[in-house]
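Hello,

The structure we discussed is below. My notes on it follow.

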Amino acid sequence: MISFELSPQQKQIKELVHWFAKHEIRPIAMEADRLGKVPDEWLNKVNKMGIHLNTSSFSGGGRTAKTGEKNGKKSEKEANRMAVIATEELAWGCPAITLSLPGAGLGGPPIQSSGTPEQKERFLSIFTKDEPRWGAYALTEPEAGSDVSGIRTTARKVDGGYVLNGQKIFITNGARASWTVVFATIDPNMGRAGHRAFVVEKGTPGFSCTRLVHKMGLRANETAELLFENCFVPQENLLGGEELYSTSGNKPSGFQVAMKTFDSTRPIVAAMAIGIARAAYEYTVDLVRKEYPKQGRLYYEAAELLAEAEQDIDAARLLTWEAAWKADIGQPNAMEAAICKAVAGKMALDVCSKCLELLGPIGLDGHLVEKLYRDVKVFDIFEGTQQIQRLVTARRLYAPYGVHV
Amino acid sequence: MISFHPTDEEQAFYDLARNFAVEHIRPAARECEANRSVSASIIKMVGELGFSTLELPESWGGLELPLISQVQILQALSYGDLGIVQGLSGPGDTASFIRLQPDHPLLQSYKSSGRNGCWPSVAFIDATDRNATWASELDIRANGSGYIVKGTSQPVRLATSAEYVLIAAVDSKGECVVLWLENKHWEVLKGDFRLGLLAAGLGRLHFPDVHVGAEQVIARGKEASELIANVQQRLRVLEAAKEVGLMEASLNYAIEYTAGRQAFGQEIAKFQGVSFTIAEMAFEFKAAKHLVWQAAIKVDEQASDAEGHALRALSRAHRSLRHVTDCAVQMLGGHGYVQEYPVEKWMRDAQAQVALYGRERDLLVRRGEQIMNRQKERVAQ
């Protein structure tokens with residue numbers, strides 16, 4: 001049955017996460033942006049509360065909730081829907097702080113989906129309350145952004161493991177992460193089939209962070225450049241083990257690990273963009289109600305802009321829920337993931353822009369919306385630009401006609 | 001629980017409607033447009049399949065389906081041709097009044113007339129927007145316990161074949177009223193319609209100086225106001241659903257065409273200017289569809305925010321429809337502009353549909369006013 005009603009458990013999580021975002025995240029959002037970091041004591045505090053950024057839900061291993069009316073009825077997995085609902089609330093508080101929350105982050109999905117049981121245990125069990133820890137995901141290179149197949153970081157097979165050489169850029173939490181999922185090629189001539197994913201642990205000789213970049217927005221969140229110089233990675237850190245790559249025949253499975261991750265993380269990123277747009281919208285609605293005239297030109301301009309913003313936010317949310325729902329019921333969701341990411345990323349920037357327009361010049365001076373505007377632009381870029389999402393969508397639309405675009 | 005799965009029954013209805021649309025409606029589209037009416041054979045088949053009574057109550061022999069089921073079926077039918085769907089004889093938009101007032105004594109003669117399953121056409125005139133009086137010369141003046149209807153309506157569908165007319169209006173005193181006219185005391189002004197929905201029986205109805213007795217009043221005052229508001233909610237959702245069907249038709253046609261058409265030595269789909277446009281058409285189609293589904297559920301539930309959902313669903317459907325049908329013509333290039341291909345008709349039909357069913361910007365402003373005047377407004381559920 002078609003329904004957009006949250007389950008009782010989803011409602012509960014949404015309310016809980018919103019409370020946290022409102023009372024713990026939002027109050028420090030502007031200060032964290034000014035500092036260019038999330039205060040360590042705050043991270044320690046929330047880690048002790050057991051609050052982590054968990055984007056692993058899309059791996060298929062998420063928790064389940066009973067939805068059957070009768071005992072014994074098969075339960076329906078809802079972890080993916082839960083993840084997008086919760087992430088929207090966190091990003092509503094502040095996206096930069098959300099991305100800085102301890103946890104496996106974007107590194108979680110590839111380990112969940114492709115890691116061996118031993119790797120899952122070793123890498124995903126470290127996120128405990130004793131101290132904050134992070135995971136990271138390193139795919140992008142200076143010469144390989146949207147074209148993931150063009151990565152040049154090499155992995156040379158040696159006795160007992162691989163030696164990595166190369167550079168990665170734009171890596172969220174890359175300097176502080178306890179481990180990073182790194183994509184490299186065993187032979188550039190093999191194209192996608194040569195790709196392998198490794199888990200490189202912090203402190204590994206030859207692995208270093210060379211720079212933290214300064215950005216337009218998301219300033220409180222660490223974005224690192226990583227360097228691999230003759231960095232030896234033991235065999236047991238090859239994600240999925242040799243078996244994963246040998247059993248896939250001619251299929252480019254290392255590349256597939258990366259792509260599968262996108263199918264998983266794009267709805268999460270879309271949900272964050274929606275949370276940002278909603279934050280800007282609600283902030284502006286409050287201001288307009290208090291400050292705007294109750295009739296006349298400005299009143300009708302505001303009515304139109306706010307109605308359009310509300311409509312666009314909800315449309316993007318439903319697209320995101322659809323992608324999450326498809327993942328929950330075990331259907332391929334690559335196209336839906338691409339669509340929701342494309343729509344939400346662009347929509348969120350547009351909504352923030354509309355809100356700044358409604359705030360006028362005062363919006364430049366210490367108002368949350370200008371920060372959100374700076375923050376949100378990258379949601380139209382990372383995890384695949386809107387252009388890449390169009391490409392992914394079009395490929396699937398044309399697939400029935402045998403045309404590869 | 002969030003789900004995008006239709007029920008088995010809805011899926012069966014949808015499949016039936018979609019097959020009928022592809023096999024019977026679409027092939028007849030050009031002929032019906034040229035004849036400016038829907039052929040009797042199509043009307044008969046639609047009646048036999050039950051698609052003409054989706055909104056009518058069971059006590060009237062209708063299917064009385066919830067809106068969430070209706071929107072899926074209407075989407076499937078309109079996938080064939082919106083002009084034909086809008087030209088199907090029967091209660092038309094008035095079905096929603098009947099749905100909400102099935103036992104009203106005034107409507108019983110119409111109920112009797114449709115006993116054989118062949119429903120006469122009813123034209124619906126919405127003259128409730130007092131700010132748009134320039135667009136209509138229709139004057140509803142209180143006259144004792146009745147009214148005098150004088151002047152000419154805006155263009156409405158099913159005008160040319162209407163045997164009954166339902167008028168929802170604000171009278172000269174500013175009071176809402178719903179009138180039922182069945183004595184054909186009107187003249188059909190066929191006008192000069194060329195844009196689109198030409199099989200929909202578009203026309204303006206002229207009322208010379210018609211005295212309407214109290215016995216022809218379905219509702220007045222607060223009762224009429226509430227009835228009209230509830231009907232408008234339903235109509236906005238149902239019309240938006242039809243627009244979603246036309247969007248889907250345009251999208252799929254454009255995909256198939258661009259996958260086969262060659263230029264510069266390859267399928268034009270391989271040019272990103274083309275494939276990206278197709279992707280954007282898909283974005284708009286899906287976004288509009290979801291908002292329509294959400295609004296349908298809200299109206300079915302009689303939720304307090306149903307009106308806002310209906311307003312924005314139609315507003316978004318208008319916006320997306322204009323975009324998608326225009327893109328379809330663009331994707332076919334010169335072929336899109338000529339009548340050998342359906343997309344030029346679909347673009348014309350789309351613009352006519354948008355003109356008939358509420359201005360996009362006006363719908364937005366109405367929703368915006370709700371947002372601005374409410375104490376607490378949150379996008380989240």
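**B:Asp93 and its surroundings**

B:Asp93 counts as buried because its relative accessibility is 9%, and the cut-off for buried is under 20%. Please keep in mind that this is a predicted model.

In chain B, helix 4 (82-87) and helix 5 (95-100) are joined by a loop, and B:Asp93 lies in that loop. Leaving aside residues up to four places away in sequence, B:Asp93 touches B:Phe124, B:Arg157, B:Leu235, B:Glu239 and B:Tyr357. With B:Tyr357 there is also a polar contact between the two side chains, at 2.7 Å.

**Helix 1 of chain A**

Helix 1 of chain A covers residues 8-35, which is 28 residues. From its first C-alpha to its last it reaches 39 Å, close to the 40 Å expected at 1.5 Å a residue. The helix nevertheless has a bend of about 50 degrees, located at A:Ala29. A:Ala29 is itself one of the buried residues of this helix. Others that are buried include A:Gln10, A:Lys14, A:Glu24 and A:Asp33, along with A:Ile13, A:Val17, A:Phe20 and A:Ile25. After helix 1 comes A:Gly36, with a positive phi near 75 degrees.

**An annotated span in chain A**

For residues 136-231 of chain A, UniProt lists "domain: Acyl-CoA oxidase/dehydrogenase middle", in an unreviewed entry. In the model, this span is 51% strand and 0% helix. The C-alpha atoms at the two ends of the span lie 17 Å apart.

Regards

Definitions and conventions: Residues are numbered from 1 along each chain as its sequence is written. Chains are lettered from A and ligands numbered from 1 in the order in which they are written. This is a predicted model: local features need pLDDT of at least 70, side-chain atom pairs count only at pLDDT 80 or more; totals for chains, interfaces and linings use all residues. Side-chain values use heavy atoms; hydrogens and water are left out. Helices (H or I, at least four residues) and strands (E, at least two) are DSSP runs, numbered from the N terminus. Buried means under 20% relative accessible area, exposed over 50%, partly exposed in between (1.4 Å probe, protein chains only). A polar contact is a pair of N or O atoms within 3.5 Å; within protein, one must be able to donate a hydrogen and the other to accept it, and residues adjacent in sequence count only if both atoms are side-chain atoms. Contact means heavy atoms within 4.5 Å. UniProt positions are given in the numbering used here, feature names are shortened, and annotations may be inferred rather than shown by experiment. The expected span of a helix is 1.5 Å times one less than its number of residues. The bend at a residue is the angle between axes fitted to the seven residues ending there and the seven starting there.
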